[in-house]
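Colleague: I am still learning how labels are given to parts of a model, and I would like to go through the reasoning step by step. Could we look at one together?

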Amino acid sequence: MAAPLVIDVSGLNKHFGHRHVVKNLALQVREGEIFGFLGPNGSGKTTSIRMLCGLLTPDSGQGACLGLDVLKDSARIKSQVGYMTQRFSLWDDLSIEENLDFIARMFSVAHRRQAVARTLEELGLAARRRQLAGTLSGGWKQRLALASCLLHRPKLLLLDEPTAGVDPQARRDFWEEIHRLSAAGITVLVSTHYMDEAERCHRLAWLSAGQLLACGTAEEIIDGLCLNTWEISARQDDGIARHALPDFADKLRQLPSVDMVASFGATLHVSGRNAEVLKTGLEAVLAGSALQMRPVPPSLEDAFIRLMQGSPLHAPQGGGD
Amino acid sequence: MGRFFTFSVSRWLGILIKEFLQLKRDRLTFAMIVGIPVVQLLLFGFAINTDPRHMPTAVVMADPGPFARAYLAAMQNSSYFDLVGSVDAREADALLDEGRVRFVITFPAGFHRDLARGKSPPLLVEADATDPMAMSGALSVLAHLGTSVFAPDLPGLARARPPPIDLRVHRRYNPEGLTTYNIVPGIMGVILTMTLVLMTGLAMTRERERGTFECLLATPATPLEVLIGKIIPYIIIGLLQVTLILAASRWIFGIPVRGSLPLLYVMVLLFICANLMLGITISSLARNQLQSMQMTIFFFLPSILLSGFMFPFQAMPGWAQAIGNALPLTHFLLIVRGILLKGSGLGLLWPHIWPLLLFTAVALAAGLKTYRQTLD
Ligand SMILES: Nc1ncnc2c1ncn2[C@@H]1O[C@H](COP(=O)(O)OP(=O)(O)OP(=O)(O)O)[C@@H](O)[C@H]1O
Ligand SMILES: [Mg+2]
């Protein structure tokens, strides 16, 4: 992995009034990488992405994006970045074609007409080119927005929840496209709330209340949390036991050794950091019930739910700096 | 910031095309742009052009004689004046002040004698000139009455060199006596101020409110490209409005343009720029469309009240004149009156041109300074 760093920032801070929204963010993303940006609502993902492409000025911090200074060179960064906003931000009262044409003009795309026509073909919107963008369905708006930020062949894509509200087929197509672009050397930073999408990223970052709590590949993040996970399920088609599972989950949450209980269909995932104590504790509770337990490798979702609940190791710090 | 002044014509063209497309789709705005000037001009023009009659008139009679009585009878017959009675000078003043009468006619002592000797005695007419349009018809009748009433009694008068009476008109409350013609420069200036400041004021806040500003900011378009791209359509709109107003006033009200039409358009262009720059500044300062409207009104009201459009400029107190002098509309009104009514040229108008230039420059600087290149 000697690919050059496309994003290399450190110590980024952002305040809105008295609220410290992004705290000492440090990020390194390599060329051609698909980097997933995760975190609960309001954790500062959008704010961070905006700072990377110069739409917000960081209060402090330094770094480079595509080798250009994020603080001083935002104009030159913009022309090489494709930024897809979380909220649809193309013009509702322009047609699909007019929107694409406008964006193409703004980025001085070579052979503009052909580029727009090709994009319309690829989107499958050629027949509806004169439809106003505002009248598209939510999913189609997302697809149009993505297409528009690819028009100028950017070197870096910053995608803010690009697949929110997009149907599964289109989502699959979208990720195929992302991987194709990544193979062609384009770097992608994508924020998402979907675990299956997180698993498709090369590396991930977990942001919570403006702090980067975890960063690395999916395995690194899971390993770093030292989770021991047990799957608890009813013994063979025991309907009664299955109905008892939710109550049982509440009982498990009382155990001091249990950090997290999550329902997965007809099973429960129970995680804790101390393997021995967790095992004996679970066995004691399960004894005599119609339930069985078996160890499973913790999934990314287990890890993130764990992160979201806030571990004592990373107790959320009060505001301020 | 070198980037501030980089300018790409193709990007600017892109913004221009986008603005035109959006304007074309916004039917209501478009209707407003064309409709407002015409409707306003018709409303004001016709409302003020009416030729009111039966205006209450008081008489101060210092010399009751047959000539005076004949004159009064003729006034009554003209249907312009309703005589409310004879009063003394002080009462007459009070009546005029209270607005109970519109005219006070004073026949001085010796009126009859002087008239009989052909010495052209003065006839003092005090007129409430707050509505100058209303009194113009009545005053012209008065002047005409002089000859027609006394001609039968004083043979040879019709050819007499000095007119039989010396009609002295005091325009009270509005010494400048703004005339019907003034309504065209006024409407022109007010409509340009209103529509242009309002629409450019909304131009940027609308993008911000709809969230499209984020998309625009993420492109390499520079502030100068965006500002000029957004302004051009409104310059064209402004010129269109002026043309509409000039055409309407020419063909409907028969008001001619005495001065140079090209000069008028250059001045209009300058005034449009001054207003657009201000609109752009407002639009960068305002957080949302409502704020932008409020700021526009905050600017619009003094423009109407203190520019000489509503009240005679010279009659305003010093502080009001000072504020008025800082407003582009004040100077524009004087410039347009000069060109339209007096045929003034560049040299005469210069004292009112440089304030407009200064205003435009200051507003442009403020607009570029306040243009936010980020979302914070
Ligand atoms: N312009 C702003 N002014 C004030 N506060 C803001 C502004 N933008 C964001 N915030 C605050 O900053 C915090 C982080 O917001 P941000 O949009 O970055 O979160 P996010 O991680 O993108 O959330 P989501 O998953 O819901 O999109 C939030 O608490 C939000 O209220
Ligand atoms: Mg967000």
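Colleague: What makes the contact between A:Lys72 and A:Asp69 a salt bridge?

Modeller: In this predicted model, the side chains of A:Lys72 and A:Asp69 come to 3.8 Å, nitrogen to oxygen, and because the cut-off is within 4 Å, the pair counts as a salt bridge.

Colleague: Why is A:Lys72 called exposed, and why is A:Asp69 called partly exposed?

Modeller: A:Lys72 has a relative accessibility of 70%, and exposed means over 50%, so the label fits. A:Asp69 has 28%, which lies between the 20% and 50% limits, so A:Asp69 is partly exposed.

Colleague: How do you know that A:Arg306 and A:Asp259 form a salt bridge?

Modeller: Their closest N and O atoms are 3.6 Å apart, and since the limit is 4 Å, this pair qualifies. The pair links distant parts of the chain, with A:Arg306 in helix 11 of chain A and A:Asp259 in the loop between helix 9 and strand 12 of chain A, 47 residues apart.

Colleague: Why is A:Arg306 called buried?

Modeller: A:Arg306 has a relative accessible area of 4%, and buried means under 20%, so A:Arg306 is buried. A:Asp259, at 25%, counts as partly exposed.

Colleague: What makes the pair of A:Trp91 and A:Phe102 edge-to-face?

Modeller: The ring centres lie 5.0 Å apart, and the limit for a pair is within 6.5 Å, so the rings pair. Their planes stand at 80 degrees, and planes over 60 degrees apart count as edge-to-face, so that is the name of this pair. Both A:Trp91 and A:Phe102 are buried.

Colleague: Why, then, is the pair of B:Phe7 and B:Trp12 called tilted?

Modeller: Here the centres are 6.2 Å apart and the planes make 45 degrees. That angle is neither under 30 nor over 60 degrees, so the pair is tilted.

Colleague: How do you know that B:Trp12 is buried and B:Phe7 is partly exposed?

Modeller: B:Trp12 has 17% relative accessibility, which is under 20%, so B:Trp12 is buried. B:Phe7 has 36%, which falls between 20% and 50%, so B:Phe7 is partly exposed.

Colleague: What makes you say that B:Lys18 lies over the face of A:Phe102?

Modeller: B:Lys18 is at 5.7 Å from the ring centre, and the distance limit is within 6 Å, so this part of the test is met. B:Lys18 also belongs to a network of salt bridges with B:Glu19, B:Glu207 and B:Lys230.

Key
Residues are numbered from 1 along each chain as its sequence is written. Chains are lettered from A and ligands numbered from 1 in the order in which they are written. Side-chain values use heavy atoms; hydrogens and water are left out. Rings of Phe, Tyr and Trp (its six-membered ring) pair if their centres lie within 6.5 Å; planes under 30 degrees apart count as stacked, over 60 as edge-to-face and the rest as tilted. Buried means under 20% relative accessible area, exposed over 50%, partly exposed in between (1.4 Å probe, protein chains only). A charge sits over a ring if NZ of Lys or CZ of Arg is within 6 Å of the ring centre and within 35 degrees of the ring normal. Helices (H or I, at least four residues) and strands (E, at least two) are DSSP runs, numbered from the N terminus.
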